[in-house]
Amino acid sequence: MKTLKSFMFWKIFLINFIIMLALLGLILYMSKIVLPEIAEESYKEITDETVTRLHEQISNITSELEKIGYDVQQNYVEGDVEELKRQLESVVSYSSFVDSGTIVELDGEITGFYPAELKEALRGQNFSDREYVQKAIKTKNVYISNVVSAVTGRFVVVVAIPILDQGGEVTRVVNFVIRISENPVFNSIIQNIEIGDGYAYIVDRYGRLLSHPEQERIGEDVSSNEVVQAVLNQQSGYQQVLNSKEFSMLASYEYIPVLEWGVIAQVPESYIHVYFKEFQDKLIIFSIILFLFLSFFVALYTRKIIKPIQQLEFAVGELAQGKFSERISDKYIDQSEIGRLAKRFNEMTEYMAEANENIETKEQLLLQQKEFLRKVIDSSPNFIYAKNKDGFYTLANQSLADFYGTTVEEMLFRTEQDFNQDVVQVQRHEEEEQEVIKTLQERYVEEEEIIDENKQIKWLQTTKIPLQLTGEKDVHVLCISNDITDRKLAEEIIRKSDKLSAVGELAAGVAHEIRNPLTSIQGFLQFIKPNYKEERYFDIMLSEIERIKLIISEMLVLSKPQVEKREMKDVTDMCQRIIDLFESQANLNNIQIQTNFEQQLPEIWCEENQLKQVFVNILKNAMESMTNGGEIFVEMKRQDENMILIRFIDQGIGIEKERLKRIGEPFYSTKEKGTGLGLMVSYRIIESHHGKIKIDSKLNKGTTIDLLLPIQPTI
C-alpha cells in the first residue's frame with residue numbers, strides 16, 4: 001500500500017503510461033504512412049540481395065569455367081591430341097559445370113567429343129561458322145557464348161577454349177557445353193532462391209532467357225521487356241515493371257559486365273500490401289499486450305529500483321573520477337538484476353583497482369626496460385640500426401647518428417640517402433637489404449669503407465639479419481656494423497713493417513748484385529779509355545746499368561707506402577720480377593730457383609704491390625728454411641676457367657702437423673725470432689683478392705704453398 005501512496009511511484013507510472021500510449025498511437029499512425037514505403041524498400045533489399053547473390057554465383061561459375069579453360073590450355077602438349085581428348089573426357093566426367101564437350105579443328109571439323117551419345121548428333125557437322133569458335137580463334141582467349149541452340153536441340157552456353165602452339169598460334173578449339181535446362185549448377189541457382197511469390201531469371205547479351213523457374217521458357221527472347229532493355233543497355237537498378245502476364249512487379253536488375261548478361265529478381269506489387277496489413281494487425285495486438293505487461297512491471301519494481309539505482313549512479317560517478325574505494329551497500333545485493341548488477345559492480349571495482357595497480361607497475365617496468373635497452377644500444381660503439389622493406393630507418397643507435405652528425409630522432413623513418421652522400425654505396429646497401437628480405441637469409445659484409453660528413457674514413461664489418469616481428473607480415477633488416485678501422489690501420493702497419501723487414505734481409509744480396517755491375521762498368525771504362533771505338537762494351541755497360549735500375553725500382557716498391565689501385569695485371573711478369581730480385585740472395589745461400597710458367601696465362605684483377613709482397617714473404621720464408629741450400633720450384637698454370645694456380649715448393653726443414661694448423665695466426669711463427677706477421681698479412685691480402693692459400697708440409701722434406709687467385713673481379 002505504501003507503494004500506491006508514493007508520489008514517485010505514480011509519477012513514474014503515469015509517465016510510462018503516457019509514453020506507451022503515445023508510442024502506440026505514433027506506431028499506428030506511422031504504419032499507415034510509412035509501412036507501404038518500408039514494404040517496398042524491404043522487398044527492394046530482398047530483390048537486390050537476390051540479384052547480387054546471383055551475380056556472385058554466376059561470376060564464380062564464370063571464374064571456374066575460365067580456370068578449367070586455362071588449365072586445359074596450359075596442360076596441352078603440342079601435337080598430343082589423344083591427351084587433349086583425355087582431358088576433355090576428364091573435365092566433362094568430373095566437373096559439375098560441364099555437361100559435354102567437343103574438339104574442333106580450324107576448318108570446323110570435329111575430331112573429338114564426349115560423351116559418346118553425341119556421336120549421331122555430331123555426324124556430318126561442321127562448326128567453322130559457329131560464333132564462339134570464331135571468337136576463340138580471333139581473340140586467342142577463353143570465350144563464353146550466348147544462349148545457342150545445340151545440334152541436339154537443347155539450349156546451351158558454350159565455353160570455347162583456343163589451344164595454342166609454342167608460337168602462340170591457335171591449332172584447334174575445345175568446346176565445353178553447359179546444358180541450361182539440365183545442368184544441376186544452373187538449376188540450383190534458381191531453385192534455391194525463395195522470394196515469396198516472386199522469382200528471378202537470367203538473360204544473355206541478346207535478351208534470351210538463360211535461366212527461369214519455368215523451364216519451357218529457357219531460350220525465349222524477352223528483349224522487349226522494359227527491365228531487360230535496361231540491362232542490355234548495361235544498367236543496374238530497381239523499378240516497377242509489367243511481367244509477361246501483365247502483372248505489376250517490383251524488379252531489381254543488375255548488369256554482369258564480363259559476360260554481358262543480366263540478372264533480374266522481381267516480386268508482385270500487390271503482395272506487399274497484403275503482407276504488411278497482416279503485419280499491422282499483429283503489431284496492434286502485440287502493442288496492447290506489451291502495454292499491459294509494462295504497466296504491471298513498472299508498478300511492481302518502481303520503488304525497489306529507485307534507491308539502488310541512485311546509489312549505483314553515485315558509485316559509478318566516483319569510479320569515473322578514478323576513485324576505486326566506493327562500494328554498493330550489501331543490503332541492495334540480492335538475486336535480482338539490480339542486486340546482481342550491484343554485486344558485479346563491486347567485483348568490477350575491486351578488479352579495476354587491482355588491474356590499475358598492475359598496469360601502473362607494468363608500465364613503469366616497460367619504461368625502465370625500454371630506457372635500459374636504449375642505453376645499451378646507444379652505448380655500443382658499433383653501428384646498430386634496422387630498416388623496413390621501403391628502406392626507412394626503424395631503429396638507429398647514437399653511434400650511427402653521431403657518425404652522420406645528426407640525432408637518433410632525426411634518422412627514424414628517413415632513408416640512408418638523406419645522410420650518406422655516396423650514391424653507389426647507398427644503392428649497394430639497398431640491394432643487399434632487399435636480398436636479405438627476399439631470401440630471409442643472413443648476409444655478411446667482410447669489410448667496406450664509409451666516409452662521414454667530415455670526410456673521415458671508417459672501415460666496417462657488417463652482419464645483416466632478417467627480422468620479422470610477432471604478428472607482423474613485414475620483414476625488417478637488422479644491421480650490426482663493427483668498426484674495424486683500427487684493425488685495418490694495424491694491418492697496414494704490419495704490411496709496411498714486413499716490407500721493411502724484407503728489404504733489410506735483401507740488403508746483402510742487393511749490395512752484391514749492384515757491386516758486380518759497377519765492377520764491370522769500371523773495368524770496361526778503363527779498357528776502352530785508349531780505344532773508345534769498341535761500341536759493344538758500351539752495350540754491356542748499358543745493360544748492367546738497366547739491371548741496377550730494375551733492382552732499385554723493386555726495392556722502392558717494397559719500401560714506399562702505396563695507394564691501393566686494382567687493375568688487370570700480368571701475374572707471370574710480376575712473379576718473375578720478385579724471383580729476379582731474390583736471385584742474388586739465393587746464390588749466396590746455395591739455392592737455385594726453378595720456374596715452370598704456363599704460356600699465355602691471362603691477366604688477373606689485382607693490386608700489384610700487395611701480391612708482390614705475398615711473393616716476397618713466401619720466397620723469404622722458403623729460403624730461410626733451406627739452411628743447407630737446395631732448389632725452390634715456382635709453378636704457375638691455369639686451374640680452371642676462373643682461377644690461376646701459383647705453387648711454391650721448397651726443400652726446407654718443413655713444418656710439424658700440429659704447428660701447421662696455426663700458420664697464419666698473428667705472432668705465431670715457426671722461426672725462433674719470427675713474429676708470424678708475414679704469413680698473416682699474406683693471408684689477408686689473398687682473402688681480399690677473393691683467393692685461397694693452401695699449405696702442405698712434411699717435416700725435413702719441404703713445404704708446398706698453393707695460391708689460388710680469381711682472373712676476373714669478384715663482387
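The following exercises examine cores, a surface patch and backbone features of this structure.

The model is predicted, with local features requiring pLDDT of at least 70, side-chain atom pairs counting only at pLDDT 80 or more, and totals for chains, interfaces and linings using all residues. Residues are numbered from 1 along each chain as its sequence is written, and side-chain values use heavy atoms, leaving out hydrogens and water.

**Exercise 1.** Determine which helix gives the most to the largest nonpolar core.

*Solution.* Step 1: A nonpolar core is a set of buried Ala, Val, Leu, Ile, Met, Phe, Trp, Tyr and Cys residues joined through side-chain atoms within 4.5 Å; buried means under 20% relative accessible area, exposed over 50%, and partly exposed in between (1.4 Å probe, protein chains only). Step 2: The largest such core has 41 residues, and Leu611 and Phe615 are among those with the most contacts inside it. Step 3: Helix H16 (residues 608-625) gives the most, with eight residues. Helices are DSSP runs of H or I with at least four residues, strands are runs of E with at least two, and both are numbered from the N terminus.

**Exercise 2.** Locate isoleucine 19 and classify its accessibility.

*Solution.* Step 1: Isoleucine 19 is placed in helix H2 (residues 7-75). Step 2: Its relative accessibility is 42%, so isoleucine 19 counts as partly exposed.

**Exercise 3.** Describe the peptide bond from tyrosine 114 to proline 115.

*Solution.* Step 1: This bond is cis, with omega near 5°. Step 2: Proline 115 lies in the loop between strand S2 (110-114) and helix H4 (119-122).
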